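Please open the structure in your viewer and keep the selection tool at hand. The tour below proceeds from one selection to the next.

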Amino acid sequence: MRILFVCTGNTCRSPMAEGIFRKLARERGIDAEVASAGVAAVAGLPISRHAEGVLKDWGVHDQITSTPLHAELIEWADLILTLTAGHKQQAITAFPEKADKIYTLKEYVEDDEIVLAEQAELSRLIADLELSRALGQALDEAKEQRIRELLQRMPRYDISDPFGGSREDYDLTAQEISTALEKLIAKLERERLR
């Protein structure tokens with residue numbers, strides 16, 4: 001399994017996700033390669049001082065430098081996990097043919113059955129709506145209303161952005177990331193047992 005974490009500049013959130021995931025996967029015997037990139041990254045920049053400090057506290061001493069999101073990385077990855085819905089949308093817009101392997105991290109590890117059922121319903125309704133538009137058919141008002149209701153209830157899947165913040169902000173973001181990564185590890189372990 002090859003996993004790519006994506007954020008904006010690839011200096012804060014996605015490098016922390018990469019480093020922490022690599023450590024957790026190694027400790028749990030998960031066979032995975034991991035990398036990170038940014039939708040607006042400049043190649044070769046060091047990760048932020050606070051992100052580096054967080055990783056050192058986790059016992060991660062990887063040398064991670066920023067990498068722009070590019071086609072070869074998209075091809076390399078089996079799974080692309082973005083840190084926000086905005087990053088997901090940017091990645092899908094740039095690589096629409098790979099949309100089926102691009103998720104937000106929190107979305108991918110969602111395990112609430114009600115939320116999962118509502119997400120599936122929302123996807124079906126949006127597909128129906130887009131098909132109606134493409135065929136020049138009138139839009140079903142009841143379906144549009146249901147889409148609005150479901151969108152209002154969907155959880156927010158963005159990981160907070162510590163950029164420019166204090167070390168405490170980075171610690172809080174790292175905790176948010178690690179909670180999602182624990183769920184990811186559990187999901188990968190379940191899939192491995194199948």
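Two strands are said to pair if DSSP finds at least two bridges between them. With that in mind, begin the tour of this predicted model by selecting strand β3, residues 79–82. Strand β3 pairs with β4 in the parallel sense, over three bridges. Within this region, select T82, which stands opposite T104 in β4.

Next, widen the selection to the whole sheet. It is an open sheet of four strands in the order β2-β1-β3-β4, with parallel pairing. Strands β2 (33–38) and β4 (102–104) stand at the edges and have a single partner strand each, so one side of each is left without a neighbour in the sheet. On average, neighbouring strands of this sheet are turned by 25° against each other, direction ignored.

Now add helix α4, residues 85–94. Helix α4 lies across β1 (2–7), β3 and β4, and runs at about 170° to β4.

Then select helices α1 (residues 13–28) and α2 (residues 49–57), whose axes come within 10 Å and cross at roughly 15°. Angles under 35 degrees count as roughly parallel, and α1 and α2 are therefore roughly parallel to each other. Their crossing is right-handed. To see the contact, display P15, M16, G19 and I20 of α1 together with A51, V54 and L55 of α2. By class, this contact has six nonpolar residues, one polar residue and no charged residues.

Finally, select residues 1–187, where UniProt, in an unreviewed entry, places the feature "domain: Phosphotyrosine protein phosphatase I". The end C-alpha atoms of this span lie 13 Å apart, and the span is 54% helix and 10% strand.

Terms used:
Residues are numbered from 1 along each chain as its sequence is written. This is a predicted model: local features need pLDDT of at least 70, side-chain atom pairs count only at pLDDT 80 or more; totals for chains, interfaces and linings use all residues. Side-chain values use heavy atoms; hydrogens and water are left out. Axes are lines fitted to C-alpha atoms, for helices over the stretch in contact, and angles run from 0 to 180 degrees between N-to-C directions. Helices (H or I, at least four residues) and strands (E, at least two) are DSSP runs, numbered from the N terminus. Angles under 35 degrees count as roughly parallel, over 145 as roughly antiparallel, 65 to 115 as roughly perpendicular and the rest as oblique. A crossing is left-handed if the near helix is turned anticlockwise from the far one by less than a right angle, and right-handed if clockwise. Contact means heavy atoms within 4.5 Å. Ala, Val, Leu, Ile, Met, Phe, Trp, Tyr, Cys and Pro count as nonpolar, Asp, Glu, Lys and Arg as charged, and the others, Gly among them, as polar. UniProt positions are given in the numbering used here, feature names are shortened, and annotations may be inferred rather than shown by experiment.
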